[in-house]
Amino acid sequence: MRFYLGTHEPTWLNRAHVPLFISAVRLRARCKRRLPKARVPWALDSGGFSVIRGPEGYPQSAEEYADEVCRWDREIGHLDWAAICDWMCEPVKLDLTGFTVAEHQRRTVQSWLDLRRIAPELPWMPVLQGFTRDEYLACVTLYRDAGLDLRGRFAGIGSVCRREDTSEAELIIRELAGMGIRLHGFGFKLGGLERCRDVLFSADSLAWSDAARRRSNAERRAARVAARQPSLFGDDDGEGGLAVAERSPQNSPRVALRWLSDVEARAGMIEEPGMMHPCPFCGSTDVSPPMSSSLDFTCVDCGESWGDVRDPQL
C-alpha cells in the first residue's frame, strides 16, 4: 500500500523523501507565483471539504480547476493523480447544500465526466461518494452508466475519514475492494489503517498535524498555569512566545515524519520498521535497529531517530 503523508506546506515537495498529499486550497494560497519542484510522488486533493459551504459548491469551474492541475502537473512534476471535484455525503455537508445524497453523487460523477473531457491527459481519480453501503453501490452503478467500469480501476472512497475505524465503514470498504476496485482511503487514521490496510491500494492522512496542534496548545496552557502567567495571544496562541519543543509542530516535518514511522510500525504497513525502510529524514538506507533499551531506529548518516510506537495519541 502506498501511503501519502498529508501536509499544509507545498514547499515540502522539493525536500521530502516520502509521498505527499496536498490540497488544491493550499497550493492556491501558498504558491500563487512560484511553484516547488517535486522530488517525490504526490497526490492532489480538490479540497472539497474545505470549500463546499452551500449549494454553490466549488468556487472554481471545471475548466479553471483543470487549468490549475495542468499547470501544477507540468511545473511541479511527479503528480501521481488528482482527485476530481467530488461532493461529500456526510450529513453536515448535506445540511449545508440542501441537496440529497443522490444529487451529490450525480455532481461527483459529472465532475469526472467534465474533467476527463476538458483534460483527458491528466491523471484524474474518480471518487466514490455515499454514506451507506447501498449508496456507495449506487455510485458504482452511476459511474458504470456514465461509461466507467471501476472494476480493476483506481478510485477514492469519500465520506469515511471520520468513521474509517468503524465496523460499518470497514464492511463497505471490503465489499468495494472485493468488487475489484483499487481503493484510495482519504484521511485514514491509525484505526482505519489497522482495519483496512490489507484491502486498500493507497491512503493518506493529515492526522499528525491536528494531533500536534492539540498537544502543543495543551502544553502552552499547562506552562501558563504553572508560571501563573497570562498569554499575550489568548488560549490558542499559535506560534506565541512560550517555550515548547517546536514553535509550530503542526507544520513540522520532523513531527510529521516521526508520526509516519510510528504509524507504519503500529499498523503493520512495513514488516520490520526501519530495517528495510529508508530514513524518513534524509532517505538513507543505512539505518541502525533499536537497542534493547530503546524502541527507536537511528539513521547512521544524519543521526535522526524515529519509531517510538508508544504514543497513544496516534
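Here are some numbered notes on this predicted model, for someone meeting it fresh.

1. **Ground rules.** The model is predicted, so local features need pLDDT of at least 70 and side-chain atom pairs count only at pLDDT 80 or more, while totals for chains, interfaces and linings use all residues. Residues are numbered from 1 along each chain as its sequence is written, and side-chain values use heavy atoms, with hydrogens and water left out.

2. **The overall picture.** The protein has 10 helices and 12 strands. Both are DSSP runs numbered from the N terminus, with at least four residues of H or I for a helix and at least two of E for a strand. Buried residues make up 48% of the 314 residues. Here, buried means under 20% relative accessible area, exposed means over 50%, and partly exposed is in between, with a 1.4 Å probe and protein chains only.

3. **Contacts and surface.** Take the contacts in the protein with a separation of 6 or more: residues 24 or more positions apart account for 62% of them. A contact means heavy atoms within 4.5 Å. As for the outside, the protein exposes about 15200 Å², and carbon and sulfur atoms supply 50% of that area. Accessible areas come from the Shrake-Rupley method with a 1.4 Å probe, and for residues only the protein chains shown count as cover.

4. **Cysteines.** A disulfide is a covalent bond between the sulfur atoms of two cysteines. The cut-off used is a pair of cysteine sulfur atoms within 2.5 Å, and the count comes to 0 disulfides. Two cysteines to look up are C85 and C196: C85 counts as buried because its relative accessibility is 11%, and C196 counts as buried at 0%.

5. **R26 and its surroundings.** R26 sits in helix α1, residues 24-30. With 23% relative accessibility, R26 counts as partly exposed. Setting aside neighbours within four places in sequence, R26 is in contact with H8, E9, P10 and C31. R26 and H8 are 18 residues apart in sequence, yet 6.4 Å apart in space, C-alpha to C-alpha. A polar atom of the R26 side chain also lies 3.0 Å from the backbone oxygen of H8.

6. **A bridge between two helices.** The model has 15 salt bridges, each a side-chain nitrogen of Lys or Arg within 4 Å of a carboxyl oxygen of Asp or Glu. One of them joins R28 and E68, with the closest N and O atoms 2.8 Å apart. This pair links distant parts of the chain, since R28 is in helix α1 and E68 is in helix α3 (residues 62-76), 40 residues apart. Both R28 and E68 are buried.

7. **The E170 network.** Which residues are linked with E170 in a network of salt bridges? They are R174, R195 and D198. The side chains of E170 and R174 meet at 3.0 Å, N to O. Those two both lie in helix α7 (residues 167-178), 4 residues apart, about one turn of the helix. The side chains of E170 and R195 meet at 2.6 Å, N to O. That second pair links distant parts of the chain: E170 is in helix α7 and R195 is in helix α8 (residues 190-196), 25 residues apart.

8. **Buried or partly exposed?** Within that network, E170 is buried because its relative accessible area is 17%. R174 counts as partly exposed at 30% relative accessibility, and R195 is partly exposed too, with a relative accessible area of 27%.

9. **A nonpolar patch.** F49, V92 and L96 form a nonpolar patch on the surface, with about 240 Å² of accessible area together. Patches are made of residues with over 30% relative accessible area and no salt bridge; nonpolar side chains (Val, Leu, Ile, Met, Phe, Trp, Tyr) are joined within 5 Å, and like charges within 9 Å. V92 belongs to helix α4, residues 91-97, and is partly exposed, with a relative accessible area of 47%.

10. **Two positive phi values.** Most residues other than glycine have a negative phi. H78 has a positive one, near 60 degrees, and is found in the loop between α3 and β4 (79-83). S159 also has a positive phi near 60 degrees. S159 lies in the loop between β7 (154-157) and α7, and is buried, with a relative accessible area of 6%.

Definitions and conventions:
A polar contact is a pair of N or O atoms within 3.5 Å; within protein, one must be able to donate a hydrogen and the other to accept it, and residues adjacent in sequence count only if both atoms are side-chain atoms.
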